[in-house]
Amino acid sequence: MSAPEKSHEKAKNSLLYLDGVSVSFDGFKALNALSLVIEPGEMRAIIGPNGAGKTTMMDVITGKTKPDEGDVYFAGTTDLTRMDEASIASLGIGRKFQKPTVFESHTVWNNIDLALAGVRKPFATLFHRTSAKEIARIEEILATIRLTDKKDWLAANLSHGQKQWLEIGMLLAQEPQLLLVDEPVAGMTDAETMETAALLREIAKTKSVVVVEHDMHFVRELDVKVTVLHQGSVLSEGTLDHVSADPTVIEVYLGR
Amino acid sequence: MLNKVSRTIGALATAATIAVGATSAFAADDTIKVGILHSLSGTMAISETTLKDTVLFLIDEQNKKGGVLGKKLEAVVVDPASNWPLFAEKARELISQDKVSVVFGCWTSVSRKSVLPVFKELNSILFYPVQYEGEESERNVFYTGAAPNQQAIPAVDYLMSEEGGAVKRWVLEGTDYVYPRTTNKILEAYLKSKGVAEEDIMINYTPFGFSDWQTEVAAIKKFGSAGKKTAVVSTVNGDANVPFYKELGNQGIKAEDIPVVAFSVGEEELAGIDTAPLVGHLAAWNYFQSIDTPENEDFIKKWHAFIKNDKRTTNDPMEATYIGFNAWVAAVEKAGTTQPDAVIDALIGVSVPNLTGGFSTIMPNHHITKPVYIGEIQDNGQLDVVWQTPGLVVGDEWSDYLPDSKDLISDWRAPMSCGNFNVKTGKCGGS
Amino acid sequence: MITAFFFRALDGKTWAVLAVLLGIGIALPLLSLTDPSFPLHVPTYVVALVGKYLCYALLALSVDLVWGYCGILSLGHAAFFALGGYAMGMYLMRQIGTRGVYANPILPDFMVFLNWTKLPWFWHGFDMFWFAAIMVLLVPGLLAFVFGWFAFRSRVTGVYLSIITQAMTYALLLAFFRNDMGFGGNNGLTDFKDILGFNIQAPETRGVLFFASAFALALGFLICRAVIASKFGKVLIAVRDAESRTRFIGYRVEGYKLFVFVLSAMMAGVAGSLYVPQIGIINPGEFAPANSIEAVIWVAVGGRGTLIGPIVGALLVNFGKTWFTSGVLAEYWLFVLGGLFIAVTLFLPKGVVGTLMARARKKPDETKAPGALSPIEASQAAEEGA
Amino acid sequence: MRPFPSRLAALAIIALTLFGVLRPAFGADLTAQVNALGQGDYAALEKAIGDLAATGDPQVAPVLDALSNGDLYVRKSDNAVVKATKSGSGFTLTDPVTGAALGEAGRSGVTKIKVNNKIRGLVRSATGSLTLMSADPAQRRSAAADVFRSGDPAQIPLLDQAIAKETDPGVKKIMTEARAAAVLKSDMGDADKIAAIAVLSTRADQDALAMLASTASGPDGAVKSAAADAVASIQGQLKLWEGVQNIWYGVSLGSVLLLAAIGLAITFGVMGIINMAHGEMVMLGAYTTFVVQEIIRNSYPELFDWSLAIALPLAFLVSGAVGVLIERSVIRFLYGRPLETLLATWGISLILQQAVRTYFGPNNREVGNPSWMSGAFDLGNIAITYNRMWIVVFALGVFAVLMLVLKRTPFGLQTRAVTANRPMASSMGIRTPLVDALTFGLGSGIAGIAGVALSQIDNVSPNLGQSYIIDSFMVVVFGGVGNLWGTLVGAFTLGIANKFLEPYAGAVLAKILVLVFIILFIQKRPRGLFALKGRSVEA
């Protein structure tokens, strides 16, 4: 009992607290004693080569994968390792996938509607009627993600970039405290990339954001603290300039 | 060819009629329609297809003789596809759409139970040609297969006799369904009445289509090595028999040591096995292909000509179909009409030749009189008679060895007209 | 709240389907009671046949609700159908009373001749219709609940779920075949006399049962429609298309699956309970895995993910079965059926109704208003990912 | 029952005896006695056998064997008993004693001497005592076993002689046991009986147990207590053997499940096709065996023992070719839509079943066991049947070969590459359509050779496949889709579990329990026993 209590102490002032988290798949260590702390209101970029454990880390935070060992706390007190995806989402952690995942056979409107914070219980949804306030909120988000004119389109018919935006819109609709964003600009044009960066910066004013990204250009645009992951643990941490100067990071990125 | 085409058109027309829900198809006046309700696909096709061919063959033969009442017989074949609800649907279709005068059909008890309400409701006639568990006597059904007392009890009698090996210990091995359950209940009571002790009877059930008999055969072997002469009474159903006998043969259980007498294994089933290791095991039936009578020889010859394959075997349910068919023809001629009530009344007492050199008579309980034969499996897949009942045995629908059925009798003649008359209470039970 | 729930579902198309179903439900039995010389007379044979089809259609609808809308391919729905049937069968058995062949007031005939001395505990209460009616819903619902509670919580999905639902119905098939279970073994329950005091074979009773089937189907359709039109229905489709996404926006998927699975099982149970009095027998054969697969195929033929599809599919395939299993075509029935399945999966992946709807939709505009019936490709894409 | 009225039979015997006198002296009496076999009812036949056995003449043994096998006939023309073998539409006759040819006879010229089980038993114990001294050790062994079973005290002197002369230790042991069995039934003294009990208790099998048990229920005394002790000790040993037996039965059932499932482990497990037509591929293999045997039976009967070896490659080709055809014509359009493959392959299975039913008929077809697949041998106290043993060996062999093919050949590598990542494999120049077709063909072909093996223990009927399909899916899912080792372990686990439950719960309940176990197990491990873990499979 003492160990968790101790971590509990350390986690106190953080929004997200990972300590000594390890996950292995059939002998392969995807995460190896990973420790990471995100402060409330912070935006953090996470970079690292393929297989560094970025997505697995997201899986652990969102409850998809249970860590073999280690602690994961949210808002200092909530042990995320004991919760499933749905409860974690309800706590206020939103996630955007690497490959845009929207509900293809729903319309854009319905996608946002489904993500909207509010009813989640089966019986409640059965008799739920969308209120005027909710409609206003949906329209607001649609405007933010610039899909107002496509609100009746099936999500399946959107372009790749539009799907990315829709997914961000869904994330916003959830009104989370912490957003986990996995490669938000993959497959976007330069202009779209810039706009996305601006959007994320805007969001980060009120919420904590963790961005996983390959695109250094984009990371530079975000201008936030960077964590470099390698082989399942933190290799380096600091400003982008700091980590780019770190010889171990150069070794990992360029050495091979 | 033309017939096929017209039949197809007929089928289309019927379908159209059903589709619009308009008036029923009219029956042609110049023929008498005979329904054939045997599965041609699904699990039961293995047994029932032969009976469909048998009825077609008998109709063909009858038409060569000029038909019945001066009219040709016309077969209406349907495929209930081994699906019990479909049996009921097809029975209804045969009777109310095709207006058949009589139906020959069913194999399993459940298919018979499934069509029963239909035959009662629409008042038609069903001839049921397969040995069954008894405990039934319906006005609209004629049971030409064996009741338990026409198969099981004589077989046990034979095994208990000096000649049959004076068996003292019994294994009742069956597939878990109503026929074996009931037969074994009857046999258990019968054996106990003959002084067999409880511990000398072993009863075991396996599922349908069971194929891994190692444990069961080993158990039989163990049971049989207690020093008393042991026999197996097998009510194992159809498909499960081949692996059962293969396992018996392979584990070295010889007929001299532990004979197996079966009630569901006939020439047709044996055609699927190499019978050399099984020589000496027994089967009890009312007919064997090997029975040497002129009637049988003639029947087999014509059957082979009809089916165009002289390797096809004949078996007991075929003979039961033969008896039922001829009895129906005789009754129709006697009644002068195909009207069901008249034919049902006329059928009682009708006596027709069977294939074993005697006559079978339809009794007031709608069961028939038959001789019972015990045959030994030969290495050519045939069964040779080793024993037979001295005379004919009347089918006993309500077994005397079940406590609740021993007081019941059936007599469909007026004035009783009851299938389950309780002699104790003096009342006709049921509806 | 409830009225709003249903009212929301009542668009023009739904009204039309309900009207057609109830119209048939009333007209066919009435026409069957007319004099045979009446030009529009319907033979009772047709009533019996169509009544059976309607029960199958309700079963198909229940399969579609879980498969077409929630992506749960159940290969065990025949089990719920059969359990509902058995519950009704047990009531009908108890109604026979002393009219059984052995005139035993308590025990059904099959227990009498197999020397049962007293009624097993689970047969008690079935002499009352209300009790049986509750059991028709409760037994399949409870089985679905227990099964679903375990399976969905453990996140058994896709093929695995299909295979274990098949294992479930197969285990029940074997269990009900056992005579020791006290359900009549292979012969099942049969020889019914009357229902609620009316002779079960009387044309009038048949008519009422037919109407009840049509009504149950209409009601089932309405409930499904209402469920699909609600936000709940949107979540279901979301689960079908991207299950983990749905979890990550905070929906506890197992709860949704469980609810819809139980609802569907109860619908199947009702279908079974209406089927049994019309057919006159219930036996373990109804549990056969092949029956469940057939029900899935009706849905596929009609078009999954549409509510009219399964009804059309069930009617179409069963009508084909009736037609082909008579006369000279009897031997070719399985060729036709097999060929149909292959053709539908290859050439009509959306099913008959789905294809027609997609064609109708293409003309006005590519996209449709909220609640549109979804294209199948999307769910296939989801399956690929799963 | 016998066709001849007894008076006529008596006359015939007299006539034959007279006729016999004219024959060469050595066979005169014997011939008359042999002819007596055919002259009366069962009772007369029994007496005639007893008389023949009493001569102690070793020439009698083959005659009695022929009788027991149903080869002895009565020639209608002279009522002589002859040995007849079928040739064409009639019979070739030989003298049962001398083996001299006696010409031919038509079908109606001879009547078979009918025997029943009682007669066969009688013949067996008679030949047992006659062949105890035979030169052939195998014959002596079976003779000793026959005498053991009959336990006739009258044979003790003969057994003593035989034991004294016996050189083969194995045969000697059985003879000693036979003597012990006879002693127990005799009225010899307690010391002899206790010695006999000691001999029997070393045999420690079911037969010995039965004999000792009946002694143990006899009158009180030293013999009774010795027997009771022996019974207790044998029962203890048998309990142990029962466990071993259950394991063996489980392994054997497991091997059948493995065979049935292994093809599915490829088409379903590796390729992801829910192949409901898998059972029909097994059925096609079984029917191929039937056709091969039918040709052999009709044209090359001497090759019968090779029939399975010939059928194996053919079954592989037939089922494999049908598999390739199905893949190219239907399944290739359905990749990535696993649940739709279920519907299409279900349709295919219906068509194949009905096609076979239409062509071969709905009945079971006879597939015989070659001699090396028949019979059993004893391993300790359990009888291991050859067909089961070979099927275990065969199943493991097929598994090993398949593993080699998949792991060590370029084809296997390509298969794994295509199933792991189709676009990648295709861009690397692998011809994915060809690999798909061949992989499906391989799975189907393996199902076909499983059919060859299953034809040895099950019905060959159009329904054959249906009875294995559900079990096969259970094995693959239980073991873990995509993992052949899982299939192996799954098959044997389920087989052994089933066989351990069967003696207690009965066959039906055992199967239900196993199904429930699988359902619960899948809750615990939703992807089976040997699931692939990791991100990729869950994405």
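**Notes on a predicted four-chain model**

1. C:Phe145 comes out as partly exposed, at 39% relative accessible area. For the cut-offs, buried is under 20% relative accessible area, exposed is over 50%, and partly exposed is in between, using a 1.4 Å probe and protein chains only. The residue sits in helix H6 of chain C; helices (H or I, at least four residues) and strands (E, at least two) are DSSP runs numbered from the N terminus. Leaving out residues up to four places away in sequence, C:Phe145 touches C:Leu258 and C:Val262, where contact means heavy atoms within 4.5 Å. C:Gly100 is 45 residues away from C:Phe145 along the chain, and their C-alpha atoms are separated by 36 Å.

2. Some housekeeping before going on. This is a predicted model, in which local features need pLDDT of at least 70 and side-chain atom pairs count only at pLDDT 80 or more, while totals for chains, interfaces and linings use all residues. Residues are numbered from 1 along each chain as its sequence is written, chains are lettered from A and ligands numbered from 1 in the order in which they are written, and side-chain values use heavy atoms, with hydrogens and water left out.

3. On to chain C as a whole. Chain C has 16 helices and four strands, and its C-alpha trace spans about 65 × 55 × 50 Å along the principal axes. The radius of gyration is 21 Å, which agrees with the value near 21 Å for a compact globule of 386 residues; the radius is taken over C-alpha atoms, and the globule rule is 2.2 Å times the number of residues to the power 0.38. Of those 386 residues, 66% count as buried. Sequence-distant contacts are plentiful: among contacts in chain C between residues at least 6 apart in sequence, 78% join residues at least 24 apart. The accessible surface comes to about 12,600 Å², 72% of it belonging to carbon and sulfur atoms; areas come from the Shrake-Rupley method with a 1.4 Å probe, and for residues only the protein chains shown count as cover.

4. Two backbone spots in chain C deserve a look. C:Asn115 has a positive phi near 65° without being a glycine. This residue belongs to the loop between helix H5 (109-113) and helix H6 (129-153) of chain C, and counts as partly exposed at 32% relative accessibility. C:Asp191, also not a glycine, has a positive phi of about 65°, in the loop between strand E1 (189-190) and strand E2 (194-195) of chain C. Most residues other than glycine have a negative phi, and most peptide bonds are trans.

5. Chain B supplies a cis bond: the peptide link from B:Ala414 to B:Pro415 has omega near 5°. B:Pro415 is in the loop between strand E17 (408-411) and strand E18 (418-422) of chain B.

6. B:Gln289 is another loop residue, between strand E10 (282-285) and helix H10 (294-307) of chain B. With a relative accessibility of 13%, B:Gln289 is buried. Beyond four places in sequence, its contacts include B:Glu267, B:Arg312 and B:Gln382.

7. How do the chains meet? Five pairs of chains touch, and chains B and D share the most contacts. Chains A and B have no contact, and their closest C-alpha atoms lie 37 Å apart. A:His128 reaches another chain: neighbours within four places aside, this residue is in contact with A:Val119, A:Glu134, C:Arg8 and C:Lys231. A:His128 lies in the loop between helix H5 (122-126) and helix H6 (132-144) of chain A, and is buried at 15% relative accessible area.

8. A word on confidence in chain A, using pLDDT, the predictor's confidence in each residue from 0 to 100. The chain averages 85, and 95% of its residues score at least 70. Among the elements of chain A, helix H1 (residues 2-11) has the lowest mean pLDDT, 55, and helix H4 (residues 108-115) the highest, 91. Where pLDDT is low, the predicted coordinates should not be read in detail.

9. Last, chain D. An automatic or database domain assignment sets the bounds, giving domain 1 (4-119), domain 2 (151-241) and domain 3 (242-538). The C-alpha centres of domains 1 and 3 of chain D lie 52 Å apart. Helix H15 (residues 386-408) of chain D has 23 residues, and its end C-alpha atoms are 32 Å apart, which agrees with the 33 Å expected at 1.5 Å a residue; that expected span is 1.5 Å times one less than the number of residues. Its buried residues include D:Met389, D:Val392, D:Phe399 and D:Leu406.
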